[in-house]
Amino acid sequence: MGRSSKSVRLLAGVITLVAVLVAPTAVSGAAPSGPTGGSAAARWAASHDGPQPHAGVNVSWDVPIRMSDGTVLRANVYRPADARERPTSTKTPVIVNMTPYTKLVSSIGSAVTQHPVLEPFLLQLARSINLSGTPIDGINDIAHTIRDGGAKTFLVDFDLVRSGYTQVVVDVRGTGFSQGKWDVFQDREQRDTVEVIDWASKQRWSNGKVGMSGVSYSAINQIQAANKNPKALKAIFPVEPGGDLIRDIVAPGGALGVGFLPLWLTLVNTTKMIPNVASMLNGTFDWKWLADRIADPLTFYPQLLAGLFTPDIASVPPELKELLETDSEPRTAWLDRAENITTPTFIYGGWFDLFTNSEVRMYNKIPLPPGKKQLIMGDGYHLTIGGGQQGRAGTPPRLDVLQKAWFDKWLKGIDNGIDSYGPVNLKQVGDSWITAQQFPRAGMERQRLYLSDRRSGTAPYAVRDGSLTPRAPQSRARMTIAPGLAPVCSRDAAQQMAGALAIFPFCSDDARISERAALSFTTPPLTTTRSVSGYSNVRLNTVLDATDGYWTATLNDVAPDGTSKVITSGQVVASLRGYDRAASQFAPNGDVIDPFYDLTLSTRQRVAPGRPVSIDIGLLPTEAIVKPGHRLRVDVFAMNFPRGLPLRPLLNESGLRPQHIQLDPSRPSFVNLPLSTPIGG
């Protein structure tokens, strides 16, 4: 990491002097312009990618941090250093990253991807990968997380450290080399984060100002720390954070997230068992660490297995039952409480991320003026982290560039214009990036489009090919759909599997395979371009043959060649259809457009077989463009595996029997959409 030649050290010294002399004016200039950031973004990139005041990085491995209950967490501390890797004596701001994936991963990943020899090779390789037009062209965006700077927000960014920041990467309690039992975002883990922030602010190498960085898990705990407003915390940069884990990934719409949870729990529970080999060799092995791992080897597996195998409601064990009641400790701990955040916050998310449900909500709840809070929503998946979407013409700057600019502003006080960026930058599904003052964007009109049994002629392969019309149909009909496995190849499956399935575009970018298990309803071709911005809801008048069922709906953009691309989707278990009206959003005509489901056993409403019942399927927020000649489509399914699978007691009650939409003029079925221009009759 360090450079050894005298000439390089001399050059670094000259650069440092020049940087100090020109700093008051180098960051001034025009305000950011549009999603690209204009000339301001060019300065941010130069600040990140150009020569830095420090030539090297000094690393202290496995530094112990004792928590208030005596548990010892372990941290790697990365400090700015000279070419011989001797740390600077200057106190610096500190960036904290709390990870459950063992800091061993971030240390190895950072060393490999930012090695002076390997990094250019890896960047060249990432830029050269182009599988467009092949059956696996989704690999492009995953590979481009390296090219586009997303990977550095997960790892340690050595350029950030060399620019004058100390980065502290900590294994959360019960993971990596830290002692304790994995607490999975609950109260003890949250107290740990606040205590680590306090510890970091008081070290001899710290100037007392702390920021937080990281992706996914390491983004969620940023939100949890910021809602407590620790004095030393001055800025956070959460990439793909969740804010309500039950509704985000554990049980969206009441269906267990089987595509993600088992793999994720296995990943963390496996990596937390990797011992500190160095301590075994030098005689400092932590036996308390081993005792804690033996005491809790499979965190949260009992709840997962209970959800999959408990036969009926009466047999639900306590560990699962507490996840199905609003006031339980996990349910309350897993809420973002973003309304309490006063720390400058820059959120990056995506329309097909695991946490799309929460990212926009959190931004809107934070009581800060635009500029002190910022939002970027791409249209990638959880694994892509900006891949293929940033750092190029017409796109926002790379994430690592934005992150440094954000910390420079709020931790170093540099007037670089980042607070004038955005405040909301959105990738329109099917089109380009735009800048807005808010989300949903202003100027949208709510419109109902009704489900009709009249054939559209566009989806002959679907179970039924119906129409979507601006006028309520007067005909009566019953349309039946049975649970099927076609959604295994779908954008919902790709989203739930964090984007891994998105390498196959014939699944993630075209719904025609999954639509073979759908009731499909399609508009005529649009004559003008329309935007969709905000929340949508599909209201179904349903009839079940059992006491429970499972409904899924998608909103699609259908191209003239027949390609059916999902814009957004939603799902709900029929007996868990009840929602909190105070927390939900409604259209001016009274239609619910964003139902906030209770998802509790105490509010469960079993369905009377054979009797009509209204079901509201809230779709995730989206920003999309539908072009002339394209059509809008609503697909309805009776199964959404692996995006969700009803808890075993509810699945047993459903009997996997066929489900029915009863088209009735007195109880119409429709989708309520936010459109820039209503669709004419």
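**Exercise 1. Identify the residue of strand 24 that is the bridge partner of Arg-478, and describe how strand 24 is paired with its neighbours.**

Solution. The bridge partner of Arg-478 in strand 24 is Gln-662; the model in which this is found is a predicted one.

Step 1. Arg-478 falls within strand 14, which spans residues 477-481 and pairs with strand 24 in the antiparallel sense over 5 bridges.

Step 2. Strand 24 is also joined to strand 16 (residues 530-544), here by 3 bridges, and these two strands likewise run antiparallel. Within this pairing, Leu-544 has Gln-659 of strand 24 as its bridge partner.

Step 3. Strands of a sheet pair through backbone hydrogen bonds, in either a parallel or an antiparallel sense.

**Exercise 2. Determine which residues of strand 24 point one way and which the other, and whether the strand is enclosed or not.**

Solution.

Step 1. In a regular strand, side chains alternate between the two faces of the sheet.

Step 2. Gln-659, Ile-661 and Leu-663 point one way from strand 24, whereas His-660 and Gln-662 point the other way.

Step 3. Buried denotes a relative accessible area under 20%. Because 5 of the 5 residues of strand 24 (residues 659-663) are buried, the strand is largely enclosed by the rest of the structure.

**Exercise 3. Describe the open sheet of 10 strands and the helices that lie against it.**

Solution.

Step 1. The strand order is 1-2-4-3-5-6-8-9-10-11, with mixed pairing. The edges are strand 1 (56-66) and strand 11 (433-436), each of which pairs on one side only. On average, neighbouring strands of this sheet are turned by 20° against each other, direction ignored.

Step 2. One parallel pair consists of strand 3 (residues 92-99) and strand 4 (residues 166-171), which share 6 bridges. In this pair, Val-94 stands opposite Thr-166 of strand 4.

Step 3. Helix 3 packs on the sheet and touches strand 1, strand 2 (72-81), strand 3 and strand 4. The direction of helix 3 makes about 20° with that of strand 2.

Step 4. Helix 17 (residues 356-365) lies across strand 8 (345-352), strand 9 (373-381) and strand 10 (424-427), and runs at about 145° to strand 8.

**Exercise 4. Locate Gln-114 and decide whether this residue is buried or exposed.**

Solution.

Step 1. Gln-114 belongs to the loop between helix 3 (103-113) and helix 4 (118-128).

Step 2. The relative accessibility of Gln-114 is 6%, so the residue counts as buried.

Step 3. Gly-484 is 370 residues from Gln-114 along the chain, and the C-alpha atoms of the two are separated by 46 Å.

Note on methods:
Residues are numbered from 1 along each chain as its sequence is written. This is a predicted model: local features need pLDDT of at least 70, side-chain atom pairs count only at pLDDT 80 or more; totals for chains, interfaces and linings use all residues. Side-chain values use heavy atoms; hydrogens and water are left out. Buried means under 20% relative accessible area, exposed over 50%, partly exposed in between (1.4 Å probe, protein chains only). Helices (H or I, at least four residues) and strands (E, at least two) are DSSP runs, numbered from the N terminus. Two strands pair if DSSP finds at least two bridges between them. Axes are lines fitted to C-alpha atoms, for helices over the stretch in contact, and angles run from 0 to 180 degrees between N-to-C directions. Contact means heavy atoms within 4.5 Å.
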